[in-house]
Number of protein chains: 2
Amino acid sequence: MTENRNYKPTILITNDDGYYAGGIRKLISLLRPFGRIIVVAGEQSMSGMGHAITIKTPLRVKTVSKEPDYEEYICNGTPVDCVKLGEQVVIGGKPDLLVSGINHGSNASINVIYSGTMAAVIEACIDGIPAIGFSLCDYGLNADFSHVDEFVDKVVRNVLHHGLPEGICLNVNIPSNDSGPIKGIKVCRQANARWVEEFDSRQDPRGVDYHWLTGRFENSDVSEETDQWAIDNQFVSVVPVHYDLTAYRALDEIKKWEL
Amino acid sequence: MTENRNYKPTILITNDDGYYAGGIRKLISLLRPFGRIIVVAGEQSMSGMGHAITIKTPLRVKTVSKEPDYEEYICNGTPVDCVKLGEQVVIGGKPDLLVSGINHGSNASINVIYSGTMAAVIEACIDGIPAIGFSLCDYGLNADFSHVDEFVDKVVRNVLHHGLPEGICLNVNIPSNDSGPIKGIKVCRQANARWVEEFDSRQDPRGVDYHWLTGRFENSDVSEETDQWAIDNQFVSVVPVHYDLTAYRALDEIKKWEL
């Protein structure tokens with residue numbers, strides 16, 4: 001689509017930290033030069049929502065801004081709802097690109113499974129829309145996004161130029177710049193790490209137990225081919241992601257069972 | 001573990017339709033002969049919650065029943081929370097098996113992505129627990145589960161006997177018996193189908209728009225190797241599922257980009 005220099009791609013932007021987050025504001029400012037921008041983001045932070053959709057309550061969309069080439073809406077749904085509403089209610093068709101983020105916090109490795117940011121990306125991918133999720137490895141509300149410009153620009157430019165193979169989207173994680181400058185971009189696989197859960201259990205003033213979910217990240221997959229290695233070594237990680245969860249390597253073994 | 005005839009496996013049961021649903025009640029009755037049963041289910045139906053976790057509010061666990069070899073708890077969390085609470089707060093360790101369901105409605109094909117039932121299964125799998133999700137292809141609250149016994153029994157027996165390869169869990173879908181008897185069990189891959197969204201848009205009494213998510217299932221992947229083909233042809237589908245979302249086939253292509 002970049003072949004036609006007059007064509008302005010329509011870019012749908014969403015996130016899972018809510019419309020006011022620093023990450024989505026940065027993303028909007030970086031993507032405005034690329035085309036017509038439509039923002040549909042949640043009123044509230046929706047971190048950890050995974051691929052949740054809203055089916056028991058109705059969704060509402062509120063117009064925040066409507067200018068030439070820039071429209072912004074907020075809604076009461078999840079990140080996946082934002083994509084569906086963006087396509088069906090706001091645009092009335094498919095955008096040329098969906099970009100989600102920039103998430104405050106890593107979505108590398110097993111975090112992709114819990115991520116609302118990446119759920120929005122996967123949802124767009126299912127609908128045949130090229131889609132990218134960006135995350136910064138810093139959970140802070142006031143995280144420093146000053147070093148991300150070049151990497152967001154490069155990835156978006158490449159996707160607009162090359163497109164993406166059918167059924168494939170990108171999970172991009174950018175290290176924080178606390179530990180020095182970024183060394184470059186690495187195309188990787190998802191590291192096989194996990195969260196070891198711990199609950200912080202307390203008693204409320206009436207003596208009833210309640211539990212806060214906490215946990216620590218545990219990575220035993222130290223291969224240099226992984227996204228976690230890339231981030232730990234100050235590289236931006238780019239993982240091509242698909243939504244076919246079939247474990248092909250197990251098909252033959254399970255076919256031998258007496259079922 | 002079936003080698004030692006005196007060993008009673010601990011089986012954690014959850015679902016995403018809530019503790020009162022017919023599907024989980026059926027599952028409990030079928031699994032009680034297999035060992036020590038711990039049920040941790042949601043107070044409410046959590047359909048469409050995907051891999052959501054609860055991080056902004058505390059979780060509470062209520063004891064419903066505590067007998068020898070049978071304990072039942074309800075909590076205010078998502079299906080993934082139920083697994084985490086089951087392990088950490090209730091059992092204080094890993095069960096021998098996690099079984100989720102029986103879901104009221106199909107989780108075959110792309111439905112696996114939105115499914116709370118399968119999110120619980122994948123969560124257990126991440127923690128190294130053999131895990132199975134069962135779904136009946138009938139959304140009705142009063143769905144008829146009378147024909148499922150033999151298939152649940154066969155799959156559970158095989159998993160307890162063979163175990164599952166590391167990082168792999170099972171997504172089992174059972175057709176309704178409206179269209180005649182079940183022909184058998186097929187080990188399959190996930191069909192590449194999708195939901196085509198439509199919103200039913202209305203106005204509230206104050207004239208403000210709201211939108212209900214609806215949609216129709218569209219399957220262009222008609223291969224006999226798929227779970228959707230199996231179900232459509234009265235076979236129970238068994239798909240081995242993993243949580244590595246890396247699209248390996250795209251790694252080389254994207255590595256050629258100028259990043």
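**Exercise 1.** Find Asp69(A) in its loop between strand E3 (61-67) and strand E4 (70-75) of chain A, then work out whether Asp69(A) counts as buried or exposed.

*Solution.* A quick note before the steps: this is a predicted model, where local features need pLDDT of at least 70, side-chain atom pairs count only at pLDDT 80 or more, and totals for chains, interfaces and linings use all residues. Residues are numbered from 1 along each chain as its sequence is written, with chains lettered from A and ligands numbered from 1 in the order in which they are written.

Step 1: strands are DSSP runs of at least two residues (E), helices of at least four (H or I), numbered from the N terminus.

Step 2: phi of Asp69(A) is near 65°, a positive value in a residue other than glycine.

Step 3: Asp69(A) has 11 C-beta neighbours inside 10 Å, so it counts as exposed (12 or fewer other C-beta atoms within 10 Å; buried takes 20 or more, partly exposed is in between, with C-beta atoms placed from the backbone).

**Exercise 2.** Track down the cis peptide bond in chain A.

*Solution.* Step 1: look between Gly101(A) and Ile102(A), where omega is about -10°.

Step 2: Ile102(A) sits in strand E5 (residues 97-104) of chain A.

**Exercise 3.** How many residues does each chain bring to the contact?

*Solution.* Step 1: residues are in contact if their C-beta atoms, placed from the backbone, lie within 7 Å.

Step 2: chain A brings 61 residues and chain B brings 61 residues.

Step 3: on chain B's side, helix H7 (residues 248-255) gives the most, with 6 residues.

Methods. Contact = placed C-beta atoms within 7 Å.
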